Structure formats: structure tokens, C-alpha cells
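Here is a quick tour of a protein for someone just starting out. Have a look at the sequence and the model, then read on.

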Amino acid sequence: MSKRKKHMVTHLKTYMPIVILLAVCSLLTIAFTKGEDKRYERTYYEDGTLASEGWKRYNVKTDYWIFYHPNGKISMKGYYAYGKKEQYWYYYDEHRVRSKEGRYHNDQQEGWWLYYDKKGRVAHKCQLSQGLKNGYCLKYEDAQMISAEQYNKGNKIREWQSFDAFTDTNSLSDLK
């Protein structure tokens, strides 16, 4: 066999498995994605009451979803990206009174979260990072701040028992 033919055979032996692997992967990708368009899905409780509804792509929750209590009232609503909670979410009790709201990033609570009392008024709000209290948590009564706490990665580092005590040591711009 000539030197040139030996060189070609060596290249074929080296690169053929890679070419075959790429071809198989391409075929599998085409087979996997064929017919897997975005679709709207509903789930139901055993009694037939709607439990949730929203979009799925490749059998993973995506875009806007609404979840319901067994009594038919909305329990929570928000967005998914690749099966993880993202953007702003709202939560409600069985009577449709908002119980909390806030932002998710990569399925973790982030930024300011608001928590409501049974009458729908803000009872407290907290700054969260990766699902942990990280910043200020403020408690309210009749729309007035009554106490505050400061956290670092879930650990309480400081506490104030009144709005005046809080403003003596902090600026309201700290709450942004």
C-alpha cells in the first residue's frame, strides 16, 4: 500500500468514529424534537376540579402558569423558564386574598418579598437572596412599621423595635 493510502486509512480510522457519533446525535435530535411543540396543559384534582394550567415545552413547565386551590380559587400564578420559577409570582389563600408576592430567579426567591395579613394588607416585607433573608425585614401594623431586622445570608445581625430606632441608625434609602 502506498504511503498516501496508508495516511488516508489512518485519518479515516481516526475521524470515522467522530463522524458516526455526530450523525447519530443529529438523528436523535431530530427524532426527539419532532412534534414536541409548545402545548397548553391542564391538571385536575380527583374530583375533576382544575388544579393547574399552563404551558409546557419538551414536557417541562414554561411561560405562564396558574395553580388553583381545591375550591377553585387561584392559589398562585407566575412564570417558569425551563421548569424553574422565574420573574414575579403571586400567592393567594383559599379566599383569594393575596398572601405573598415576589420575584424568583432560577427557582430561588430574590429581592423584596411582600407578605400580607388576612385582610390583604402588608404585614411584613423582606429582602431575599437565593431564598435566604439577606438585607432588611420590616414588620407593619396598620400600615406603620413597628420593627425591623437585618439579615446576612439568613442570619439575623441586627434588630430595631420601632421605626424611630430604625431611622436613627439607617437612612430610608437603605431600603432600596
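The notes below go from the overall layout down to single side chains.

Keep in mind that this is a predicted model. The protein has two helices and eleven strands, and along the sequence they come in the pattern α-β-β-β-β-β-β-β-β-β-β-β-α. Of its 176 residues, 28% are buried.

**The sheet**

- The eleven strands make an open sheet in the order 1-2-3-4-5-6-7-8-9-10-11, and the pairing is antiparallel.
- At the edges you'll find strand 1 (39-44) and strand 11 (155-160); each has a single partner strand, so one side of each has no neighbour in the sheet.
- From one strand to the next, the twist averages 15°.
- As a bit of background, strands of a sheet pair through backbone hydrogen bonds, and they can do that parallel or antiparallel.
- For a look at one pairing, take strand 5 (residues 84-92) and strand 6 (residues 98-105): they run antiparallel and are joined by six bridges.
- Which residue is the bridge partner of Tyr88 in strand 6? That's Arg103.

**Aromatic rings**

- A pair of aromatic rings is described with two values, the distance of the centres and the angle of the planes.
- The count for this model comes to 15 aromatic pairs.
- One of them is Trp65 with Tyr80, an edge-to-face pair with 6.4 Å centre to centre and 85° between the planes.
- That pair links distant parts of the chain, since Trp65 sits in strand 3 (residues 60-68) and Tyr80 in strand 4 (residues 74-81), 15 residues apart.
- Are Trp65 and Tyr80 buried or exposed? Both are buried.
- Now try Trp89 and Tyr104: the ring centres are 6.1 Å apart and the planes are at 80°, so this pair is edge-to-face, as an angle over 60 degrees counts that way.
- This one links distant parts of the chain too, with Trp89 in strand 5 and Tyr104 in strand 6, 15 residues apart.
- Trp89 and Tyr104 are both buried.
- Zoom out a little and ring pairs link Trp65, Phe67, Tyr80, Trp89, Tyr91, Tyr104 and Trp113 into a cluster.

**Charges over rings**

- Trp89 has another partner to look at: the charged end of Lys85 sits over its ring, 4.9 Å from the centre.
- Over at Trp55, Lys38 lies over the face of the ring, at 5.0 Å from the ring centre.

**Salt bridges**

- How many salt bridges does a search of the whole structure find? It finds nine.
- Arg39 and Glu41 form one of them, with their closest N and O atoms 3.6 Å apart.
- Arg39 has 32% relative accessibility, so it counts as partly exposed, while Glu41 is buried because its relative accessible area is 18%, and the limit for buried is under 20%.
- Glu53 and Arg42 meet through their side chains in a salt bridge, at 3.3 Å from N to O.
- That contact links distant parts of the chain: Glu53 belongs to strand 2 (residues 50-57), Arg42 to strand 1, and they are eleven residues apart.
- Why does Glu53 count as buried? Its relative accessible area is 9%, and under 20% means buried.
- Arg42, with a relative accessible area of 46%, is partly exposed.
- Glu149 and Lys156 are joined by a salt bridge between their side chains (3.4 Å, N to O).
- Glu149 is buried, at 8% relative accessibility, whereas Lys156 is partly exposed, at 43%.
- Salt bridges can share partners, and that is how Arg39, Glu41 and Lys56 end up joined into one network.

**A buried glutamine**

- Gln127 is part of strand 8 (residues 122-129).
- With 13% relative accessibility, Gln127 counts as buried.
- What does the side chain of Gln127 reach? It reaches the backbone nitrogen of Tyr136, at 2.7 Å.

How values were computed
Residues are numbered from 1 along each chain as its sequence is written. This is a predicted model: local features need pLDDT of at least 70, side-chain atom pairs count only at pLDDT 80 or more; totals for chains, interfaces and linings use all residues. Side-chain values use heavy atoms; hydrogens and water are left out. Helices (H or I, at least four residues) and strands (E, at least two) are DSSP runs, numbered from the N terminus. Buried means under 20% relative accessible area, exposed over 50%, partly exposed in between (1.4 Å probe, protein chains only). A polar contact is a pair of N or O atoms within 3.5 Å; within protein, one must be able to donate a hydrogen and the other to accept it, and residues adjacent in sequence count only if both atoms are side-chain atoms. Two strands pair if DSSP finds at least two bridges between them. Axes are lines fitted to C-alpha atoms, for helices over the stretch in contact, and angles run from 0 to 180 degrees between N-to-C directions. Rings of Phe, Tyr and Trp (its six-membered ring) pair if their centres lie within 6.5 Å; planes under 30 degrees apart count as stacked, over 60 as edge-to-face and the rest as tilted. A charge sits over a ring if NZ of Lys or CZ of Arg is within 6 Å of the ring centre and within 35 degrees of the ring normal. A salt bridge is a side-chain nitrogen of Lys or Arg within 4 Å of a carboxyl oxygen of Asp or Glu.
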